[in-house]
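This report covers the fold, the charged pairs and a surface patch of one protein chain. The sequence and the model come first.

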Amino acid sequence: MAVVGEAAYTLAITFIKFSILALYAKAFPGQRFRYCLWGFALFVFGWGMSGSVVAIFQCTSIDYVWRPDTRDFCIDFSLRNLISGIVNVVTDVVIMAMVIPLVWNHEVMDQERRLVLSTFAVGTR
């Protein structure tokens, strides 16, 4: 059951990031920014799918997860979780930072800029 939970968690994080990127695509329709969004969405998709595959096939024999008496090889779970956490934090920071130049270049008062940026910051985490 842990395998299903880990794969579902990875997919859930991926779809949350997709929803934030879709919000950005709707709010900021610039063509260059759209290309950046698509490129980053492809990276997030690749990371999410690879994380799910690694979660499902983390042991050479899948049944080793629920039958630890067999002698099979599994990857280092703590290293996997550390790398996954680092990449998730980095992608969150990149997603949050993508809109800063776009909001900052709008012709509005500084207080409104800060409010919009803080709204996006709260939305990403």
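The text below goes from the whole chain to helix H1, then to the salt bridges and the nonpolar patch.

**Overall fold**

The structure is a predicted model. The protein chain holds five helices and zero strands, and its elements run α-α-α-α-α from the N terminus on. Of its 125 residues, 31% are buried. The exposed area of the chain is about 8,400 Å², and 71% of that is supplied by carbon and sulfur atoms. Among contacts with a separation of 6 or more, 64% are between residues 24 or more positions apart.

**Helix H1**

Helix H1 covers residues 2-27, 26 residues in total. From first to last C-alpha H1 reaches 38 Å, close to the 38 Å expected at 1.5 Å a residue. The buried residues of H1 are Val3, Ala7, Thr10, Ile13, Thr14, Lys17, Ile20, Leu21, Tyr24 and Ala25. An α-helix has 3.6 residues a turn, so residues three or four places apart point the same way.

**Salt bridges**

Side chains of opposite charge can pair when their charged atoms come close. The count here comes to two salt bridges, listed in the table.

| Pair | Closest N to O distance |
|---|---|
| Arg80 and Glu6 | 3.7 Å |
| Asp92 and Lys17 | 3.2 Å |

In the pair of Arg80 and Glu6, the side chains meet at 3.7 Å, N to O. Arg80 belongs to helix H3 and Glu6 to helix H1, so this salt bridge ties together parts that are 74 residues apart in sequence. Arg80 has a relative accessible area of 15% and is therefore buried, whereas Glu6, at 25%, counts as partly exposed.

In the other pair, the closest N and O atoms of Asp92 and Lys17 are 3.2 Å apart. This pair also links distant parts of the chain, with Asp92 in helix H3 and Lys17 in helix H1, 75 residues apart. Asp92 is buried at 11% relative accessible area, and Lys17 is buried at 4%.

**Nonpolar surface patch**

Which residues form a nonpolar patch on the surface? They are Leu79, Leu82, Ile83, Ile86, Val90 and Val94, with about 500 Å² of accessible area together. One of them, Ile83, lies in helix H3, which spans residues 77-97. The relative accessible area of Ile83 is 40%, so this residue counts as partly exposed. Patch members need over 30% relative accessible area, and Ile83 has 40%.

Note on methods. Residues are numbered from 1 along each chain as its sequence is written. This is a predicted model: local features need pLDDT of at least 70, side-chain atom pairs count only at pLDDT 80 or more; totals for chains, interfaces and linings use all residues. Side-chain values use heavy atoms; hydrogens and water are left out. Patches are made of residues with over 30% relative accessible area and no salt bridge: like charges are joined within 9 Å, nonpolar side chains (Val, Leu, Ile, Met, Phe, Trp, Tyr) within 5 Å. Accessible areas come from the Shrake-Rupley method with a 1.4 Å probe; for residues, only the protein chains shown count as cover. A salt bridge is a side-chain nitrogen of Lys or Arg within 4 Å of a carboxyl oxygen of Asp or Glu. Helices (H or I, at least four residues) and strands (E, at least two) are DSSP runs, numbered from the N terminus. Buried means under 20% relative accessible area, exposed over 50%, partly exposed in between (1.4 Å probe, protein chains only). Contact means heavy atoms within 4.5 Å. The expected span of a helix is 1.5 Å times one less than its number of residues.
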